[in-house]
Amino acid sequence: MESPAFDLAFEPAYGRAVPVAPGIERITAENPGPFTFFGTNSYIVGGASVAVIDPGPEDEAHFQALMAALGGREVTHIFVSHTHRDHSPLARRLQAATGAVTVGQGPHRPARPLRAGEVNPFSESSDMEFVPDITIGEGETIAGDGWALTSVLTPGHTANHAAFALEGRDILFSGDHVMAWSTSIVAPPDGSMADYMASLERLIARQDRLLLPGHGGPVTEPASFLPALKAHRLKREQAILARIRAGDREIAEMVKAIYSDTDPKLYGAAALSVLAHIEDLLERGEIASDGPPSLAATYRLL
């Protein structure tokens, strides 16, 4: 299977609400970067009263754009896909301004405990203050004026990542789990590749017709894109095994070979992605390490 056809064509239309489907508007925060593409997408769903999905970073211009797009409509719920600082912090100001209740899978937490001497490289990117008013579990539905959103728990990018399915529409707000423009970073200890792949399988089985992600444009052909994304991840896993087979023992060596066409500034993120794959391979008994898995450990085939 071919790699997914990533779509880099996107007009962020900063400060303006863009209709993306009937009853759904997108407002993109102006926080572009290597992990956010053009910025974070916030979504408004509903009619006379609405839900906001992923209010975004603490940013005055984005807050004002959201309030203008709401146009005085009642906001009953604020849904948060996960607790990275580009998605959840503005929930506090939006709640204070509207009185809406917040909804999410739970506070921020790592996928596994920190190991001795380990530092979480994404700790500053995590919103440790967000605690949802409603902690939503798998398959739970919250309804409003002309909308009903059902949680689809998708751990992997973070342990508390959730997607939200718009009932009766075959539309899924996929957060950072699946995006049209790029793969999602999976970085231990916040992220888990085993969890990510299991969540991806769940989305493949759902057969949604449209995915609306946290960054970039929509995934318009999920039936082909999702299996291609899975194949892409498995191909990366095989590349890691091939490098170990060729004699590479450290992650830094593998990254230079596997990501030879990547900007070296992104090697740090690439190394964390390789570590996520390695943790999964170790758990499945396909490789061994000289101690607890880490960026500095050495690895070998069994």
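## Working through salt bridges, helices and odd backbones

Glu58 counts as partly exposed, with a relative accessibility of 46% (buried is under 20% relative accessible area, exposed is over 50%, and partly exposed sits in between, using a 1.4 Å probe and protein chains only). Before you dig in, keep in mind that this is a predicted model, where local features need pLDDT of at least 70 and side-chain atom pairs count only at pLDDT 80 or more, while totals for chains, interfaces and linings use all residues. Residues are numbered from 1 along each chain as its sequence is written, and side-chain values use heavy atoms, with hydrogens and water left out.

### Exercise 1: a bridge across the sequence

Find the salt-bridge partner of Glu58 and work out where each of the two residues sits.

*Step 1.* Start with the rule: a salt bridge needs a side-chain nitrogen of Lys or Arg within 4 Å of a carboxyl oxygen of Asp or Glu. Glu58 pairs with Arg93, and their closest N and O atoms are 3.1 Å apart.

*Step 2.* Now place them. Glu58 is in the loop between strand S4 (49-53) and helix H1 (60-70), and Arg93 is in helix H2 (residues 91-98). Helices (H or I, at least four residues) and strands (E, at least two) are DSSP runs, numbered from the N terminus. The pair is 35 residues apart and links distant parts of the chain.

*Step 3.* Check the partner's surroundings: Arg93 is partly exposed, at 27% relative accessible area.

### Exercise 2: two more pairs and a network

For the salt bridges Arg206–Asp208 and Arg243–Asp248, decide which residues are buried and which are partly exposed.

*Step 1.* In the first pair, the side chains meet at 2.8 Å, N to O. Arg206 is partly exposed at 34%, whereas Asp208 is buried at 9%.

*Step 2.* The second pair, Arg243 and Asp248, also has an N to O distance of 2.8 Å. Arg243 comes out as partly exposed, at 28%, and Asp248 as buried, at 9%.

*Step 3.* Beyond these pairs, bridges with shared partners tie Arg112, Arg115, Glu118 and Glu279 into one network. The structure holds 15 salt bridges. As background, side chains of opposite charge can pair when their charged atoms come close.

### Exercise 3: how H4 meets H6

Describe the crossing of helix H4 (residues 222-245) and helix H6 (residues 267-283), and sort the residues that meet there.

*Step 1.* Get the geometry. The two axes come within 10 Å and cross at roughly 80°. That makes H4 roughly perpendicular to H6 (under 35 degrees is roughly parallel, over 145 roughly antiparallel, 65 to 115 roughly perpendicular, and the rest oblique). Axes are lines fitted to C-alpha atoms, for helices over the stretch in contact, with angles running from 0 to 180 degrees between N-to-C directions.

*Step 2.* List who touches whom, where contact means heavy atoms within 4.5 Å. From H4 come Arg233, Arg236, Glu237, Ile240 and Leu241; H6 supplies Ser273, Val274, His277, Ile278, Asp280 and Leu281.

*Step 3.* Sort by class: the contact has five nonpolar, two polar and four charged residues. Here Ala, Val, Leu, Ile, Met, Phe, Trp, Tyr, Cys and Pro count as nonpolar, Asp, Glu, Lys and Arg as charged, and the others, Gly among them, as polar.

### Exercise 4: around Thr28

Is Thr28 buried or exposed, and which side chain makes a polar contact with its side chain?

*Step 1.* Thr28 lies in strand S2 (residues 24-28) and is buried, at 2%.

*Step 2.* Its polar partner is the side chain of Asn41, at 2.8 Å. A polar contact is a pair of N or O atoms within 3.5 Å; within protein, one must be able to donate a hydrogen and the other to accept it, and residues adjacent in sequence count only if both atoms are side-chain atoms.

*Step 3.* Leaving aside neighbours within four places in sequence, the residues touching Thr28 include Phe10, Tyr14, Phe38 and His62.

### Exercise 5: unusual backbone

Locate the cis peptide bond and the positive phi values of Ala13 and Asp54.

*Step 1.* Recall that most residues other than glycine have a negative phi, and most peptide bonds are trans.

*Step 2.* The cis bond joins Pro188 and Pro189, with omega about 5°. Pro189 is in the loop between strand S11 (171-175) and helix H3 (193-206).

*Step 3.* Ala13 has phi near 50°, sits in the segment before strand S1 (18-21) and is buried at 7%. Asp54 has phi near 55°, belongs to the loop between S4 and H1 and is buried at 2%.
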